[in-house]
Amino acid sequence: MAYKRRSVEKSIILALRELGGVANRKVIRKTIADKEYDGLKYDDVYSTKEGKNGKYSPFLFDFNFGMKSLYSVGYIEEPFRGKDIVLTDLGRNDDIKDYPTQKQQELINDYWNKKNSERKKKDKHQVPDNDPAEKEDIDNSNWKTELLNCLMKFDSGKFESFSRLLISKMGVVIDKERGVVRSGDHGIDGFGYFTSDEFRTSRVAIQCKKYTEGAVSEPEIDKFKGVMDGFNAEYGIFVTTSHFTDRAKKKATQGNNTVTLIDGQELTELVEKYQLHITPITTYTLDDYYYKTE
């Protein structure tokens with residue numbers, strides 16, 4: 001079922017409380033998706049729709065709208081570009097069961113009425129209505145959404161090759177002879193070695209699953225662990241363009257041969273971290289400071 005536009009403020013507060021009251025926007029969204037706060041599923045948070053200028057995230061609009069509404073009622077400190085979102089004491093401790101109360105709704109309405117009035121003044125003078133923090137968030141989400149769409153279109157061989165390349169950037173040395181082992185559903189997609197700072201070398205098995213919908217379930221992890229035993233691997237890395245069920249996550253940490261899980265969102269973060277076949281573009285957006293004459 002496609003995501004329907006809705007209030008997501010409660011989920012933001014619940015995620016921030018779990019994260020200790022301070023976190024960046026990406027981590028907040030990831031926590032909402034993983035914990036399914038306020039009934040939001042992983043697909044709700046990261047699903048996309050086709051728009052005039054390409055694919056976009058409907059949830060992201062509600063997320064950024066919710067941030068400003070939470071600021072208007074005093075639950076979070078004022079959001080700034082490049083800064084973590086911070087809960088206030090009120091946001092940490094207030095009972096949010098009945099959010100928004102009538103009083104809170106009045107504060108929210110007053111905030112947005114003021115914003116709309118300011119926007120009209122800007123439009124009158126042909127001044128762009130920019131929110132640097134929100135624009136940065138949307139731009140960052142857009143290119144990562146496009147990246148995931150591209151990865152989902154890879155054939156199996158190219159996705160496996162991409163995954164091994166990324167994992168090698170993470171410090172795993174791929175075994176040239178055993179690095180690619182295929183045997184139907186009973187093989188692995190990569191094998192290598194990782195040497196820790198203490199010079200301890202571990203055998204690493206790699207599994208890749210290119211999903212366009214649905215989540216990787218517990219049986220997939222269980223099957224991978226069985227194959228790992230056959231290769232005498234101390235730990236594994238399971239890469240997917242999708243995400244993992246809660247039972248799959250629990251299975252990954254059970255026993256001696258644990259599995260590191262990399263879902264679609266973490267995959268895009270790693271591509272950014274290791275600059276894997278991407279080109280960074282630096283640009284600037286003026287803060288509101290320049291649009292205030294007093």
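Is Lys-30 buried or exposed? Lys-30 is buried, because its relative accessible area of 15% falls under 20%. The close-ups below come from a predicted model, and this lysine opens the set.

**Figure 1. Lys-30 and its surroundings in helix H2.** Lys-30 is found in helix H2. Setting aside neighbours within four places in sequence, Lys-30 is in contact with Tyr-46, Asp-263, Gln-265 and Glu-266. Have a look at Asp-263, Gln-265 and Glu-266 here, as they are among the contacts of this lysine.

**Figure 2. Helix H4, a mostly covered helix.** Helix H4 runs through residues 58-72, and its 15 residues should span 21 Å at 1.5 Å a residue. The C-alpha atoms at its ends are 22 Å apart, which agrees with that expectation. Of the 15 residues in H4, 12 are buried. Among them are Pro-58, Phe-59, Leu-60, Phe-63, Met-67 and Leu-70, together with Asp-62, Asn-64 and Lys-68. Just after H4 comes Gly-74, with a positive phi of about 85°.

**Figure 3. The largest nonpolar core, seen around Ile-12.** This core has 30 residues, and those that touch the most other members are Ile-12, Leu-16, Ile-28, Ile-32, Phe-59 and Phe-63. The elements giving two or more residues to the core are helix H1 (9-18), helix H2 (25-35), helix H3 (42-46), H4 and H6. H4 gives the most, with 5 residues. If neighbours within four places in sequence are left aside, Ile-12 is in contact with Ile-28, Ile-32, Phe-63, Gly-66, Met-67 and Leu-70. Another core, of 19 residues, lies apart from this one, and its members include Phe-159, Val-172, Ile-262 and Leu-270.

**Figure 4. Aromatic pairs, with Tyr-75 and Tyr-99 in view.** The structure holds 12 aromatic pairs. In one of these, Tyr-75 and Tyr-99 make a tilted pair, 5.9 Å centre to centre with 35° between the planes. The pair links distant parts of the chain, 24 residues apart: Tyr-75 belongs to the loop between H4 and strand E4 (85-86), and Tyr-99 to the loop between helix H5 (89-93) and helix H6 (102-124). Both Tyr-75 and Tyr-99 are buried. Ring pairs also link Phe-65, Tyr-71, Tyr-111 and Trp-112 into a cluster.

**Figure 5. Phe-159 and Phe-162, a stacked pair in helix H8.** The ring centres of Phe-159 and Phe-162 are 6.1 Å apart, with 25° between the planes. Both residues lie in helix H8 (residues 156-169), 3 residues apart, or about one turn of the helix. Phe-159 has a relative accessible area of 1% and is therefore buried. Phe-162, at 11% relative accessibility, counts as buried too.

**Figure 6. Charges over aromatic rings.** The charged end of Arg-29 sits over the ring of Phe-63, 5.2 Å from the ring centre. In a second view, Lys-158 lies over the face of Phe-154, at 4.3 Å from the centre of the ring.

**Figure 7. Two cysteines, Cys-150 and Cys-208.** A search of the whole structure finds 0 disulfides. Cys-150 is partly exposed, with a relative accessible area of 36%, whereas Cys-208 is buried, at 7%.

Key:
Residues are numbered from 1 along each chain as its sequence is written. This is a predicted model: local features need pLDDT of at least 70, side-chain atom pairs count only at pLDDT 80 or more; totals for chains, interfaces and linings use all residues. Side-chain values use heavy atoms; hydrogens and water are left out. Helices (H or I, at least four residues) and strands (E, at least two) are DSSP runs, numbered from the N terminus. The expected span of a helix is 1.5 Å times one less than its number of residues. Buried means under 20% relative accessible area, exposed over 50%, partly exposed in between (1.4 Å probe, protein chains only). Rings of Phe, Tyr and Trp (its six-membered ring) pair if their centres lie within 6.5 Å; planes under 30 degrees apart count as stacked, over 60 as edge-to-face and the rest as tilted. A charge sits over a ring if NZ of Lys or CZ of Arg is within 6 Å of the ring centre and within 35 degrees of the ring normal. A nonpolar core is a set of buried Ala, Val, Leu, Ile, Met, Phe, Trp, Tyr and Cys residues joined through side-chain atoms within 4.5 Å. Contact means heavy atoms within 4.5 Å. A disulfide is a pair of cysteine sulfur atoms within 2.5 Å.
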